[in-house]
2 protein chains.
Amino acid sequence: MATGRTHRPATRSRGIPEATVARLPLYLRALTALSERSVPTVSSEELAAAAGVNSAKLRKDFSYLGSYGTRGVGYDVEYLVYQISRELGLTQDWPVVIVGIGNLGAALANYGGFASRGFRVAALIDADPAMAGKPVAGIAVQHTDELEHIIESNGVSIGVIATPAGAAQQVCDRLVAAGVTSILNFAPTVLTVPDGVDVRKVDLSIELQILAFHEQRKAGEETPEAGAPATSGRAAAVAAAAEAAAAADRKGPDGDVPAVMPA
Amino acid sequence: MATGRTHRPATRSRGIPEATVARLPLYLRALTALSERSVPTVSSEELAAAAGVNSAKLRKDFSYLGSYGTRGVGYDVEYLVYQISRELGLTQDWPVVIVGIGNLGAALANYGGFASRGFRVAALIDADPAMAGKPVAGIAVQHTDELEHIIESNGVSIGVIATPAGAAQQVCDRLVAAGVTSILNFAPTVLTVPDGVDVRKVDLSIELQILAFHEQRKAGEETPEAGAPATSGRAAAVAAAAEAAAAADRKGPDGDVPAVMPA
DNA sequence: GGCTGTGAAAGGCTTCACAGCT
DNA sequence: AGCTGTGAAGCCTTTCACAGCC
């Protein structure tokens with residue numbers, strides 16, 4: 001999965017399991033589609049199919065929120081939409097900043113799914129002085145120097161990092177120092193944060209690598225089995241690839257010119 | 001986790017747990033960085049720190065691959081890089097196609113992390129005739145009509161979907177019919193695929209929603225507890241937000257003009 | 001009759017702690 | 001002495017199956 005936490009190990013908030021929290025947005029999306037089509041109620045079976053999970057899991061998940069269904073009938077769509085939104089904290093407005101306005105940062109700024117669900121892009125920040133003032137997705141890009149000021153004056157608690165890997169930790173430190181307590185990290189680096197700060201990461205290349213693993217397995221289903229370590233020309237075989245990968249990691253989420261330079 | 005499987009339930013390939021597979025790319029990245037700095041060996045403790053996991057987990061993970069370490073010493077960096085690369089299937093070349101060249105598709109095409117690890121962008125495909133022939137990341141965009149031909153003549157088995165949600169299932173069906181067996185889906189939809197096809201999804205807005213959940217929890221740590229369902233004006237309160245969210249979902253990963261139209 | 005809500009069972013993942021090798 | 005490899009324990013998640021309510 002494109003995903004994963006970095007912190008907050010045992011603290012299961014208000015008794016809702018982390019696995020359940022991760023599925024609530026899925027249910028919310030499916031319910032929203034039903035709501036749009038003015039469907040008044042839905043059964044666990046139907047909703048589960050729409051969300052791509054099985055119905056027992058869905059019912060168990062909902063049971064952590066409370067008893068919001070009616071036996072023999074199903075769930076009231078509008079009511080559930082509200083309950084899940086409230087549980088996820090989407091009934092309030094969350095200002096977010098996006099740091100690193102390269103290809104990916106721009107795509108994120110343009111991403112409609114943010115703006116809709118209570119996430120308001122409060123600012124776009126980039127280290128390139130040439131970017132400053134340029135409008136991206138209708139918002140003028142601001143320089144990294146303004147970072148602390150932007151965070152504080154907008155009360156931003158969620159930051160998105162879309163810088164090259166080399167700049168990510170420094171940006172992260174500055175965000176945290178300025179008051180950000182949740183970070184969505186697109187840079188291919190492990191971020192170190194103090195206690196109480198949540199980090200989630202999205203790593204595009206990791207997802208592909210996981211697919212490749214399964215793909216390889218499918219292809220090799222008839223061949224007798226790869227066998228023990230083929231210790232032959234291993235070092236040579238991998239040297240070039242390793243170097244290329246390392247170089248790409250240094251460059252960051254966008255494969256081109258760094259959008260944020262180390263301060 | 002920006003992430004999640006959709007299929008393949010019990011089939012634990014060659015005995016390597018799914019959770020372990022998901023971490024191998026992380027280890028590989030950390031090892032690649034060490035390899036670059038010509039570090040010859042590394043202990044489980046050091047490597048675990050670099051990858052952001054704990055050392056017991058890392059040792060357990062590696063134990064599924066074989067006994068590649070040396071007691072009292074640690075792991076040979078180059079050797080491990082090779083073993084993990086091989087296990088993930090990265091020693092071979094994987095041609096991938098990206099369908100839907102909007103903001104996000106373009107960002108993906110430019111993403112350096114793909115090209116490096118054995119993933120070669122074989123083609124960029126978009127439904128907009130005006131895009132055809134335009135170069136993105138040095139590759140000329142091709143029209144959707146060519147999809148089947150491209151897949152077959154390049155032997156593509158991995159496809160990336162970055163279209164609006166409304167087009168994703170149709171694109172998926174065509175990819176699968178043409179021979180693709182692994183799909184990375186950025187569109188905010190549940191894809192239905194036949195047995196034997198793997199789907200992984202990356203959903204940008206879901207990650208933010210999960211962060212919002214924890215963020216809300218932090219903020220409300222002193223307040224007495226939200227209490228039972230605030231059944232007051234719920235329907236009205238949520239109607240506008242729900243509509244906005246639904247509209248955004250229809251539009252797709254990029255918040256602007258659809259890049260691929262339903263056929 | 002139909003569908004939710006949930007104890008209980010099963011399975012998977014993580015952590016512990018130490019035997020075993022260098 | 002140091003560090004890996006791994007059984008065993010503990011925890012979390014999923015699935016089952018049915019009691020309980022409409």
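Is A:Gly105 buried or exposed? A:Gly105 is buried, with a relative accessible area of 0%; buried stands for under 20% relative accessible area, exposed for over 50%, and partly exposed for values in between (1.4 Å probe, protein chains only).

The model is predicted, so that local features need pLDDT of at least 70 and side-chain atom pairs count only at pLDDT 80 or more, while totals for chains, interfaces and linings use all residues. Residues are numbered from 1 along each chain as its sequence is written, chains are lettered from A and ligands numbered from 1 in the order in which they are written, and side-chain values use heavy atoms, with hydrogens and water left out.

Chain A as a whole comes first. Its secondary structure comprises 10 helices and 10 strands; these are DSSP runs numbered from the N terminus, with at least four residues for a helix (H or I) and at least two for a strand (E). Among the 263 residues of chain A, 56% count as buried. The accessible surface of the chain is about 10,500 Å², and carbon and sulfur atoms hold 55% of this area; such areas come from the Shrake-Rupley method with a 1.4 Å probe, and for residues only the protein chains shown count as cover. Of the contacts in chain A with a separation of 6 or more, 64% join residues 24 or more positions apart, a contact being heavy atoms within 4.5 Å.

The annotated segments follow. In an unreviewed entry, UniProt lists residues 26-65 of chain A as "DNA-binding region"; UniProt positions are given in the numbering used here, feature names are shortened, and annotations may be inferred rather than shown by experiment. This segment of chain A is 75% helix and 5% strand, with its end C-alpha atoms 15 Å apart. The unreviewed entry also carries the UniProt annotation "binding site", which covers A:Gly100, A:Ile101, A:Gly102, A:Asn103, A:Leu104 and A:Gly105. A:Asn103 belongs to helix H5 (residues 103-110) of chain A, and A:Gly105 is found in helix H5 as well. A:Asn103 counts as partly exposed, because its relative accessibility is 23%. A:Gly100 can also be placed relative to A:Ala187: the C-alpha atoms of these two residues are separated by 9.8 Å, although their positions lie 87 residues apart along the chain. A:Ala187 sits in the loop between strand E9 (182-185) and strand E10 (198-201) of chain A, and it counts as buried because its relative accessibility is 3%.

The surroundings of DNA strand C involve both protein chains. There are 22 residues around this strand, of which A:Ser44, A:Gly69, A:Tyr75, B:Arg23 and B:Asn54 come nearest; a residue is near a molecule or strand if one of its heavy atoms lies within 4 Å of it. Of the atoms of DNA strand C within 4 Å of the protein, 63% are sugar and phosphate. A phosphate oxygen of DNA strand C lies 2.9 Å from a backbone N or O atom of A:Gly69, and a polar side-chain atom of A:Tyr75 is 2.9 Å from a phosphate oxygen of the strand. From chain B, an N or O atom in the side chain of B:Asn54 is 2.6 Å from a phosphate oxygen of DNA strand C. The elements giving two or more residues to this surface are helix H3 (55-65), strand E2 (69-70) and strand E3 (74-76) of chain A, together with helix H1 (18-36) and helix H3 (55-65) of chain B. By class, the surface near DNA strand C has 5 nonpolar, 9 polar and 8 charged residues; Ala, Val, Leu, Ile, Met, Phe, Trp, Tyr, Cys and Pro count as nonpolar, Asp, Glu, Lys and Arg as charged, and the others, Gly among them, as polar.

DNA strand D is surrounded by 22 residues, the closest being A:Arg23, A:Asn54, B:Ser44, B:Gly69 and B:Tyr75. An N or O atom in the side chain of A:Asn54 lies 2.6 Å from a phosphate oxygen of DNA strand D. In chain B, the side chain of B:Arg71 has an N or O atom 3.1 Å from a sugar or linking oxygen of DNA strand D.

The two protein chains also meet at A:Gln216, which is in helix H9 (residues 204-219) of chain A and touches residues including B:Arg86, B:Glu87 and B:Trp94. A:Gln216 is buried, with a relative accessible area of 19%.

Note on methods:
A polar contact is a pair of N or O atoms within 3.5 Å; within protein, one must be able to donate a hydrogen and the other to accept it, and residues adjacent in sequence count only if both atoms are side-chain atoms. Lists of a residue's contacts leave out its neighbours within four places in sequence.
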